[in-house]
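Reader: I am new to this structure and should be grateful for a close look at a single part of it. Please choose one region and explain how its side chains are placed and paired.

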There are 2 protein chains.
Amino acid sequence: MSEAGVMTTGYSIKAASELTGITEDTIRYYEKIGLLPRAQRKENSHRVYTEGDVELMKLISCLKKTGMPLDEMRPYLNLSRDSNLSEYPELYDKIQIHKRKILDQIASLQQIVDFIDTKVSEGNFGERKRNEDCTLTGDVKRMPVRNK
Amino acid sequence: MSEAGVMTTGYSIKAASELTGITEDTIRYYEKIGLLPRAQRKENSHRVYTEGDVELMKLISCLKKTGMPLDEMRPYLNLSRDSNLSEYPELYDKIQIHKRKILDQIASLQQIVDFIDTKVSEGNFGERKRNEDCTLTGDVKRMPVRNK
DNA sequence: GTATAACTTGGAGTCGACTCCAAGTCAAGG
DNA sequence: CCTTGACTTGGAGTCGACTCCAAGTTATAC
């Protein structure tokens, strides 16, 4: 074998972790809460992941990065890869709504960048005159996540 | 008085909450953790906020929306309104770094929107072919925040 | 054979950011 | 005088998302 756990039979949890950037603990946690399906086990009960599993994990971290809570991802992940999105109009609507949120996020982040540029060039940061409220929609936040 | 707590003497916590969209509890919490300076009190020990205080709160929710943790905001808030940013090269650098992060966030969010558009029009969502890893930087997430 | 490494499990602990609560104060209205 | 309502305080509880741990198994390396 050349890379960690890659031997045509599939990826080890370590390999999956390296490929996705998600820690092993977190992958197990995702399985525990049912975000990922229970992984196949080898005779020794070690988890084995397929290419598809890895892609699913990547999709999770993708969605996570747009501020989607883990709970909300479930429907998208369940549907993943097999059937056609257009067969689930409700889900389709949800994702369009989510897309809208992301676009709003983008617009608002852009506003803040503009704000920074203005304030920085004007010198003082906490100016009041017409701090346009930076109308953000999402309540997006950073989390503990001190991933080693 | 016409609006809640507005009587030229300043804003009540309720008024400030309404103006900023931050709950009263959260405003007190911010004061508790020293993110906001201890508010002036009236004889009856009720908090009174100035226009400037309110703007400071708005700035907090602004920054929060860009994914900045409360702890990281302190330096910006302390400096707020009085002195010139360019006098604090270290802080200036920090905010430029933060700006960079926001721009990366924007780029990545844009990627995800593109991803959604492609996948949605192609039908299936969890496709693998060249799901370009949606190289997000920030680990931005949504939080509990079920604000009333 | 024994140590090392890579995994397994269940469960407890942490962290940031709230959110809620009980008990108390105070002013104004009826 | 008593109630109502807006506030005060300190502290406890919640929530999402990890993160860490101890104890156990198994396979290869020496």
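Author: A suitable starting point is A:Y29, which counts as partly exposed because its relative accessibility is 41%; buried means under 20% relative accessible area, exposed means over 50%, and partly exposed covers the range in between, with a 1.4 Å probe and protein chains only. This is a predicted model, in which local features need pLDDT of at least 70 and side-chain atom pairs count only at pLDDT 80 or more, while totals for chains, interfaces and linings use all residues. Residues are numbered from 1 along each chain as its sequence is written, chains are lettered from A and ligands numbered from 1 in the order in which they are written, and side-chain values use heavy atoms, with hydrogens and water left out.

The residue that follows, A:Y30, is buried, with a relative accessible area of 4%. Over all chains, the structure holds two aromatic pairs. In one of them, the ring centres of A:Y29 and A:Y30 are 5.9 Å apart and the ring planes stand at 45 degrees, so the pair is tilted. For this purpose, rings of Phe, Tyr and Trp (its six-membered ring) pair if their centres lie within 6.5 Å; planes under 30 degrees apart count as stacked, over 60 as edge-to-face and the rest as tilted. In chain B, the rings of B:Y29 and B:Y30 likewise have centres 5.9 Å apart and planes at 45 degrees, which makes a tilted pair. Of these residues, B:Y29 is partly exposed at 40%, whereas B:Y30 is buried at 5% relative accessibility.

The next position along the chain introduces charged partners. The side chains of A:E31 and A:R47 form a salt bridge, at 3.0 Å from N to O. Because A:E31 lies in helix α2 (residues 24-32) of chain A and A:R47 in strand β2 (residues 47-48) of chain A, the pair ties together parts that are 16 residues apart in sequence. A salt bridge is a side-chain nitrogen of Lys or Arg within 4 Å of a carboxyl oxygen of Asp or Glu. Helices (H or I, at least four residues) and strands (E, at least two) are DSSP runs, numbered from the N terminus. The acidic partner, A:E31, is buried at 12% relative accessibility, while A:R47 is partly exposed at 22%. This pair belongs to a wider arrangement: A:E31, A:R38, A:R41 and A:R47 are linked in a network of salt bridges.

In chain B, the side chains of B:E31 and B:R41 meet in a salt bridge of 2.3 Å, N to O. Here B:E31 lies in helix α2 (residues 24-32) of chain B and B:R41 in strand β1 (residues 40-41) of chain B, so the pair ties together parts that are 10 residues apart in sequence. B:E31 is buried, with a relative accessible area of 11%, and B:R41 is partly exposed, with 25%.

The same helix of chain B also has a helical partner. The axes of α1(B) and α2(B) come within 9 Å and cross at roughly 100 degrees. The crossing angle therefore makes α1(B) roughly perpendicular to α2(B). On the side of α1(B), the contact is made by B:I13, B:K14, B:A16, B:S17 and B:T20, and on the side of α2(B) by B:E24, B:I27 and B:R28. Axes are lines fitted to C-alpha atoms, for helices over the stretch in contact, and angles run from 0 to 180 degrees between N-to-C directions. Angles under 35 degrees count as roughly parallel, over 145 as roughly antiparallel, 65 to 115 as roughly perpendicular and the rest as oblique. Contact means heavy atoms within 4.5 Å.

Within this meeting of helices, B:S17 has its place in helix α1 (residues 13-20) of chain B and is buried at 9% relative accessibility. Neighbours within four places in sequence aside, B:S17 is in contact with B:I22, B:T23, B:E24 and B:I27. Its C-alpha atom is 9.1 Å from that of B:M57, which lies 40 residues away along the chain.

A few totals set the region in its surroundings. Chain A comprises five helices and three strands, running α-α-β-β-α-α-α-β from the N terminus. Of the 148 residues in chain A, 45% are buried. Over all chains, the structure holds 14 salt bridges.
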